[in-house]
Amino acid sequence: MINHIWSSIVQCSKFLPCFPLNTTPMSETMSFGEPDPDLNSDQILDWLDDSTPHSPLILDDLYCSMDDPWFGLDPIDANTISSSSSSSPIVDLFITDQPRQLASELSKKQKAPVDHTPRVGKNSSGNKKGAGKSAKGDKNIGSNKNGRWAEQLLNPCAAAITTGNMTRVQHLMFVLNELASPSGDANYRLAAHGMQALLHHLHCYQYPHRPDGGLDKVLSFTTSTPKLFKQSLIYFNDINPWFTIPNNIANNAVLQVLSEQDHGSCNALHILDIGVSHGFQWPMLLEALSRRPGGPPPLVRITVVPPTLDNHQLPFASCPPGYDFASNILRFAKDVHINLQFNKLDNIPLRNLNASAISSSEGETFIVCAQFRLHSLSHRVPDDRTEFLKLMRNMNPQGVILSDNNMDCSCNNCSSFDSGFAQRLDYLWSFLDSTSVAFKGRDMEERRLVEGEAAKALISMCEMNERKEKWGERMNGVGFVEHAFEDDVVDQARSLLKKYDSRWEMRVEDRSVGLWWKGQPVSFCSLWKTD
């Protein structure tokens, strides 16, 4: 089906050029969590009706009742929408059956008085639940999906790609192209990233040997400069707890495991870092070790395992060329009187790790810190996830700190393309919504960088995920036992969370600690031992 769609597109084009986004700057001065106030979903549907005079309403099959949330969406800011003047071939292909006057007609409609009368048409029914409903002022917009209009365009488009409905894909892409913008509230930005991801998906089916060709290079960690990368991570971690809380819990869990060892028999502390902190996590731990009763361990070893070169699409795991934090962290360790050895294992797959590869030695307290990386391992046949957990078990660590996204797997083995895409959109919405709050609506290069990196989740073949319950089953199955975090670990994390927006929360469930945003799970952190 997808090849059929793409063959229709490439009849007039030999390559997939970038689908141009509406780059007109958008204001984000409304209260956080509130959709824009001027244009509602009925106007979008009217737009679609007017643009397809000789075809059925494109959402008829998917949204056939007024009971559907589509009709309860909140308004969006019409004043910020501008039409694209690009003459890119892909735009022409997607709007070949659209009247060229559509953009100007839409502009005229925006200036006309808005009719708030409930829309009656072939989609309507006697039950008008949700008609004209507005969630303006709803502080929990992220949890109940009211006002999340971008997903109501992107998900049907993904479904149309799955079923091979070329007409629907064309019309939805046209609307997305008009609304998508890298600035504005989370809806506009999600539409921009989601549309590029769908085009990437189509491109990969037509050109499987050129998966990265033909699309704009979105600003991300690997395309940024070391200076921007560093300042973005510092700023992001200071205003958003997405990684700060898991890092804090992990650091204190290391101290917890270390305190349970016989101080006299501990010659060294060895941490295997399979994470995404890029070194920013460890200065806080080194400082805590320097203040530890009885003094720090005589030797602290940190072995970092970055992703392999072919795993660059994994969100937040890669860094720009030329970035090196080793000298900085060694200098910091010297300042706080820690004897630190730092080692980096470049381009070594996780499946090749063993005691010899990481130079493990007897008598050291060995702790594995695996954060937001293991979900990149496949769980098909062979089951790389379980095999790696067995490998970890064979290295006999005194503790394993496992943190990851708390969401269902979205790989092709567990779900269809459209359902997996919907799950990834939900993840990205939480991130974009939280960054809107964290950056207070400011359109900054630092925000675009971290959001571009998070948007890799929409296209990465490594972003498969798994719920914490599934990870628990896997860990138990290979011989690990989950342990609860000490009260001090949880209390310190809760205290740190207070500096962030009040809609963030921590929940302790089955010994693990979960981070939630607006009532929805984001990530979990757990502690495992071999006894």
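This briefing looks at aromatic side chains and at two backbone angles in the structure above. The model is a predicted one, and it holds 17 aromatic pairs. Two of these pairs are described below, followed by a charge that sits over a ring and by two residues whose phi is positive although neither is glycine.

**Aromatic pairs**

- A pair of aromatic rings is described by the distance of the centres and the angle of the planes.
- Phe221 and Phe229 form an edge-to-face pair, with 4.9 Å from centre to centre and 80° between the planes.
- Phe221 is buried because its relative accessible area is 1%, which is under the 20% cut-off, and Phe229 is likewise buried, with a value of 0%.
- Trp242 and Phe431 also form an edge-to-face pair, in which the centres are 5.0 Å apart and the planes lie at 80°.
- This second pair links distant parts of the chain, since Trp242 belongs to helix H10 (residues 241-259) and Phe431 to helix H14 (residues 417-438), 189 residues apart.
- Trp242 counts as buried at 1% relative accessibility, and Phe431 is buried at 0%.

**A charge over a ring**

- The charged end of Arg507 sits over the ring of Trp516, at 3.6 Å from the centre of that ring.

**Positive phi angles**

- Phe316, whose phi is near 70°, lies in the loop between strand E2 (300-304) and helix H12 (326-335), and this residue counts as buried because its relative accessibility is 4%.
- Asn347, whose phi is near 55°, lies in the loop between strand E3 (340-344) and strand E4 (364-371), and this residue counts as partly exposed because its relative accessibility is 44%.

Terms used. Residues numbered from 1 in each chain as written. Heavy atoms only, no water. Helix = DSSP H or I, 4+ residues; strand = E, 2+ residues; numbered from the N terminus. Buried < 20%, exposed > 50% of the residue type's maximum accessible area, 1.4 Å probe, protein only. Phe/Tyr/Trp six-rings, centres within 6.5 Å; stacked < 30°, edge-to-face > 60°. Lys NZ or Arg CZ within 6 Å of the ring centre and 35° of its normal.
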